[in-house]
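Dear colleague,

I am handing over the structure below, together with some notes on how two of its helices pack. Please keep it open beside this email while you read.

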Amino acid sequence: MKDILGDVEKHFWLTRSVARCMNLSLTEAMTEGRLSAERYAEMVTKCRAADCSETCAIWLAEQQAKADKAPEFCVNAQALNALKP
């Protein structure tokens, strides 16, 4: 049976990279207790199940300045935006 989820490592880095463009450290959010390990894993899994990795890679490549918020197409936009200090 074909795995319907994308590569875990790729989507881990896509999730972190979108956060980084927002000047948001997911590691810091975890250390501060604003993000649990379980919620972080859920975010990566949602990213893996979404069909927007090419669009995301293009968005990331186009970011010359810090993004104020996650891109609208991102399945984790609401969660990422809520984590911004």
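In what follows, an angle of 65 to 115 degrees between two axes counts as roughly perpendicular. Please bear in mind that this is a predicted model.

The pair I looked at consists of helix α1, residues 8-21, and helix α3, residues 37-49, whose axes come within 9 Å and cross at roughly 110°. The two helices, α1 and α3, are therefore roughly perpendicular to each other. On the side of α1, the contact is made by Val-8, His-11, Phe-12, Leu-14, Thr-15 and Arg-16, while α3 contributes Tyr-40, Met-43, Val-44, Cys-47 and Arg-48. By character, the residues of this contact between α1 and α3 divide into 7 nonpolar, 2 polar and 2 charged.

Taking α1 by itself, its 14 residues should span 20 Å at 1.5 Å a residue, and this agrees with its end C-alpha atoms, which are 20 Å apart. Buried in α1 are His-11, Leu-14, Thr-15, Arg-16, Val-18, Ala-19 and Cys-21, and what covers the buried residues of this helix includes α2 (26-31), α3, α4 (53-62) and α5 (77-83). Trp-13 also has its place in α1, but with 42% relative accessibility Trp-13 counts as partly exposed. Between the C-alpha atoms of Trp-13 and Lys-84 there are 18 Å in space, and the two residues are 71 residues apart in sequence. After α1 comes Asn-23, which has a positive phi, near 60°.

Turning to α3, the 13 residues of this helix should span 18 Å at 1.5 Å a residue, which agrees with the 18 Å that separate its end C-alpha atoms. Which residues of α3 are buried? The buried residues are Tyr-40, Met-43, Val-44, Cys-47 and Arg-48, and because they cover an arc of only 140° around the axis, they lie on the same side of α3. The exposed residues Glu-38 and Ala-49 are carried on the face of α3 turned away from that buried side. As for what covers the buried residues of α3, this includes α1, α2 and α5.

With best regards

Note on methods:
Residues are numbered from 1 along each chain as its sequence is written. This is a predicted model: local features need pLDDT of at least 70, side-chain atom pairs count only at pLDDT 80 or more; totals for chains, interfaces and linings use all residues. Side-chain values use heavy atoms; hydrogens and water are left out. Axes are lines fitted to C-alpha atoms, for helices over the stretch in contact, and angles run from 0 to 180 degrees between N-to-C directions. Helices (H or I, at least four residues) and strands (E, at least two) are DSSP runs, numbered from the N terminus. Angles under 35 degrees count as roughly parallel, over 145 as roughly antiparallel, 65 to 115 as roughly perpendicular and the rest as oblique. Contact means heavy atoms within 4.5 Å. Ala, Val, Leu, Ile, Met, Phe, Trp, Tyr, Cys and Pro count as nonpolar, Asp, Glu, Lys and Arg as charged, and the others, Gly among them, as polar. Buried means under 20% relative accessible area, exposed over 50%, partly exposed in between (1.4 Å probe, protein chains only). The expected span of a helix is 1.5 Å times one less than its number of residues. The arc is that of the directions from the helix axis to the C-beta atoms.
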